[in-house]
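Visitor: Hey, I've got a protein to look at and no idea where to start. Can you walk me through it?

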Amino acid sequence: MSALPEARPARRPMRLADVEAVAAIEAAAYGHPWSRGNFIDSLAAGYLAEVLTMPHDGLLGYFVAMPVLDELHLLNLTVDPAWQGRGLGGALLDAVEDHGRDRGLLALWLEVRRSNERAQALYRRRGFVEVGRRPGYYPAAGQREDAIVMRRLLCQADALD
Ligand SMILES: CC(C)(COP(=O)(O)OP(=O)(O)OC[C@H]1O[C@@H](n2cnc3c(N)ncnc32)[C@H](O)[C@@H]1OP(=O)(O)O)[C@@H](O)C(=O)NCCC(=O)NCCS
């Protein structure tokens with residue numbers, strides 16, 4: 001892993017004008033990427049969506065999360081493949097959790113492909129635990145792939161009683 005350059009990445013809300021660049025990263029990062037329409041719909045729905053940018057380097061990563069009642073569902077967390085392994089995914093995940101706590105939400109949920117061990121390792125190290133599986137949830141080459149459902153509490157467990 002190489003060190004980040006002097007300039008620091010900055011976060012800001014995702015805008016419609018970002019969708020082209022976001023979709024390009026999405027297509028590079030996933031075998032079954034979200035479409036432009038998925039991002040446009042998320043923005044129209046008012047979901048929590050932010051991008052990470054660097055001066056001169058443009059967009060490095062992003063997340064989309066959907067508040068549902070007193071919980072937050074992480075729908076998309078992606079770092080440009082050229083920028084992965086430098087702590088940016090962890091920083092984006094921290095930001096999602098901070099937003100959840102700031103809003104007084106109780107838990108952060110996500111689904112991850114069973115084969116995506118890298119993302120699972122990140123989530124487990126950040127305190128997520130597996131709470132279920134969805135068989136055949138994701139499209140995959142010639143078949144379907146299970147989703148692992150993970151949850152991280154954002155508050156004291158007794159607040160859930
Ligand atoms: C998953 C993803 C968001 C992680 O972002 P990232 O910027 O590469 O991750 P980071 O550099 O912050 O590293 C996060 C953790 O993974 C570890 N890690 C980094 N590279 C790794 C690798 N090749 N294999 C396993 N673990 C690795 C780091 O040590 C770090 O652990 P730490 O938080 O305890 O220090 C990014 O790899 C990605 O966009 N992948 C494709 C899209 C995807 O799978 N998204 C998640 C869908 S649920």
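Guide: We'll go through the sheet, then the helices, the cores, the pocket and a few single residues. Keep in mind that this is a predicted model.

Visitor: Okay, the sheet. How many strands does it have, and in what order?

Guide: It's an open sheet of 7 strands, in the order E1-E2-E3-E4-E5-E7-E6. The pairing is mixed.

Visitor: Which strands stand at the edges?

Guide: Those are E1 (10-13) and E6 (129-140). Each has a single partner strand, so one side of each is left without a neighbour in the sheet.

Visitor: And how much are neighbouring strands turned against each other?

Guide: By 25° on average, ignoring direction.

Visitor: What actually holds strands together in a sheet?

Guide: In general, strands pair through backbone hydrogen bonds, and they can be parallel or antiparallel.

Visitor: So how do E1 and E2 run, parallel or antiparallel?

Guide: Antiparallel, with 4 bridges joining E1 to E2, which covers residues 48-54. If you want to spot one of the pairs, Arg11 has Leu52 in E2 as its bridge partner.

Visitor: What about E2 and E3?

Guide: They run antiparallel too, joined by 7 bridges. Look for Thr53, whose bridge partner in E3 is Leu59. E2 and E3 form a hairpin with 3 residues between them.

Visitor: And how many bridges join E3 to E4?

Guide: There are 8, and E3 and E4 are antiparallel. Phe63 has Leu77 in E4 as its bridge partner. The hairpin of E3 and E4 has 2 residues between the strands.

Visitor: I read something about phi being odd in turns. Which residue in the E2 and E3 turn has a positive phi?

Guide: That's His56, with a phi of about 75°.

Visitor: Why would anyone point that out?

Guide: Because most residues other than glycine have a negative phi. His56 has a positive value and isn't glycine.

Visitor: Is His56 buried or exposed?

Guide: Exposed, because its relative accessibility is 86% and the cut-off for exposed is over 50%.

Visitor: Which residue in the hairpin of E3 and E4 takes a positive phi?

Guide: Leu69, with phi near 50°. Leu69 sits in the loop between E3 and E4 and is exposed, at 83% relative accessible area.

Visitor: Changing topic: which strands does helix H1 touch?

Guide: H1 (residues 19-29) packs on the sheet and touches E2, E3 (58-68) and E4 (71-79). The direction of H1 makes about 90° with that of E3.

Visitor: And H3?

Guide: H3 (residues 88-102) packs on the sheet as well, touching E1, E2, E3, E4, E5 (107-113) and E7 (143-153). The direction of H3 makes about 160° with that of E4.

Visitor: How many residues are in the largest nonpolar core?

Guide: It has 26 residues, and the ones with the most contacts inside it are Phe63, Leu74, Leu108 and Tyr123. H3 gives the most to this core, with 5 residues.

Visitor: Who does Leu108 touch?

Guide: Leaving aside neighbours within four places in sequence, its contacts include Leu72, Leu74, Val96, Phe128 and Met150.

Visitor: What's in the second core?

Guide: It's a separate core of 10 residues, including Ile25, Ala49, Val51 and Leu59.

Visitor: What's the volume of the largest pocket?

Guide: About 1200 Å³. The pocket is lined by 37 residues, with Tyr30, Leu77, Asn116, Ala119 and Tyr123 nearest its centre. Two of those names came up earlier: Leu77 is the bridge partner of Phe63, and Tyr123 is one of the residues with the most contacts inside the largest core.

Visitor: Last bit: where is Ser42, and is it buried or exposed?

Guide: Ser42 is in H2 (residues 36-44). At 5% relative accessibility, Ser42 counts as buried. Not counting residues up to four places away in sequence, Ser42 touches Trp34, Tyr47 and Val64.

Visitor: And Leu16, what does it touch?

Guide: Leaving out residues up to four places away in sequence, Leu16 touches Ile40 and Leu43. Leu16 and Leu43 are 27 residues apart along the chain, with 7.4 Å between their C-alpha atoms. Leu16 lies in the loop between E1 and H1 and counts as exposed, at 59% relative accessibility.

Methods: Residues numbered from 1 in each chain as written. Predicted model: local features only at pLDDT ≥ 70, side-chain atom pairs only at ≥ 80, totals over all residues. Heavy atoms only, no water. Pairing = 2+ DSSP bridges. Axes fitted to C-alpha atoms, helices over the stretch in contact; angles between N-to-C directions. Contact = heavy atoms within 4.5 Å. Core = buried A, V, L, I, M, F, W, Y, C linked by side-chain atoms within 4.5 Å. Buried < 20%, exposed > 50% of the residue type's maximum accessible area, 1.4 Å probe, protein only. 1 Å grid on protein atoms, 1.4 Å probe; cavity = no way out; pocket = protein on both sides within 12 Å on 5 of 7 lines; lining within 4 Å. Points joined across faces, edges and corners; volume = space filled by probe spheres on them.
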